[in-house]
Amino acid sequence: MTAVSAGGSRRASTTLARREARRFHLFVSPWLVGFILFSAGPIVAAVVLSFMKWNLLQPPQWVGLANYERMLSDPEFWESIENTVQYGLGAVTLGVTFTFLLALLLNQPLRFQGLFRTVMYLPSVVSGLATALLWLNILHPDYGLINKMLASVGIEGPGWLASQEWAIPGLVLMSVWGAGNTIVIYLAGLQGIPKTLYEAAEIDGAGWWRRFWSVTVPMMSPVIFFNVVTGFIAALQSYVLILVMTEGGPGNATMVLGLYIYRHAFVYFDMGYAATLSWAMFLLVIVVTAIQFSLARRWVHYEFK
């Protein structure tokens, strides 16, 4: 009886496992189909297309490594790489710092805390076109809000998007506007820090700065690292708002790599070269992410329970 019972139990568990496996494949199949059609397929097509010359009107022509040789000798490509890195560094540095400070404030037990959090999150749900139009007016050199505020204290504001020197800084300021999701992630991390750590530090005589630097920052370092990595990936691929606000000007000062790819693909209809530039962007993202992970060992601290 014992052997029969054990055999029946094994068959039942095997049947249950197969049933669960079928359910798993059933539920995951929409994602797999979407990934194959809309991600894996275009990736393979981009690889093949990067070795071809195609203007959408005539059949593709195989050119081998000509697109890659052209890219390496293209001065505008290297200029777009420089602009992309500058924008990424500025946007991530300012965004991560500013949103972290906002999250610290929003985490305080104040009246109308929920209202303040809602107000800070609202810009992240505004459409990209509305954001671009808003910041075109805010950064206008003549009647923009920022230059008017500077003029009220006797400072002559820069040309912002009309100036080659100030165009990237203006876009960096704009990038902080829709950082509501980053604030939410920081708030979740702050609320996950055990209160006992602050109590122990306070008993040891640590002031607010020492508690912040020795407790909050180390405990939040994985969250900060996550936001830095994802922020860089998003910044290196940005081009939509830049297209609307500056179209890469003035004088290619804001011609980031994403916008350069868009221009060759949908303005010049040079799809082969655009695919080659896309792989350059992929390589740039991989390199920057690898550098961040290699540096993370020095400052990211994980709590093991």
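## Second largest pocket

In this predicted model, α13 gives the most to the lining of the second largest pocket: 9 residues. The lining is mostly a matter of one class, with 18 nonpolar residues and 3 polar ones. Charged residues are absent from this lining.

The second largest pocket holds about 610 Å³ of space. Its lining counts 21 residues. Closest to the centre are Ala-46, Ile-261, Ala-274, Ser-278 and Trp-279. Three elements give two or more residues each to this lining: α1 (2-49), α12 (257-266) and α13 (271-299).

## Largest pocket

The volume of the largest pocket is about 780 Å³. It is lined by 30 residues. Which of them lie closest to its centre? They are Ser-175, Gly-178, Ala-179, Ala-234 and Ser-238.

Several helices share in this lining. At least two residues each come from α3 (75-106), α5 (128-138), α7 (167-175), α8 (180-191), α10 (208-236) and α11 (240-245). Of these elements, α3 gives the most, with 6 residues.

## Lining of the largest pocket by class

How many nonpolar, polar and charged residues line the largest pocket? The lining has 17 nonpolar residues and 13 polar ones. No charged residue takes part in the lining of the largest pocket.

Conventions:
Residues are numbered from 1 along each chain as its sequence is written. This is a predicted model: local features need pLDDT of at least 70, side-chain atom pairs count only at pLDDT 80 or more; totals for chains, interfaces and linings use all residues. Side-chain values use heavy atoms; hydrogens and water are left out. On a 1 Å grid over the protein atoms alone, a cavity is a set of points where a 1.4 Å probe fits but cannot get out, and a pocket is an open set with protein on both sides within 12 Å along at least five of seven lines; lining residues have an atom within 4 Å of a point. Grid points are joined across faces, edges and corners, and a volume is the space filled by probe spheres set on the points. Helices (H or I, at least four residues) and strands (E, at least two) are DSSP runs, numbered from the N terminus. Ala, Val, Leu, Ile, Met, Phe, Trp, Tyr, Cys and Pro count as nonpolar, Asp, Glu, Lys and Arg as charged, and the others, Gly among them, as polar.
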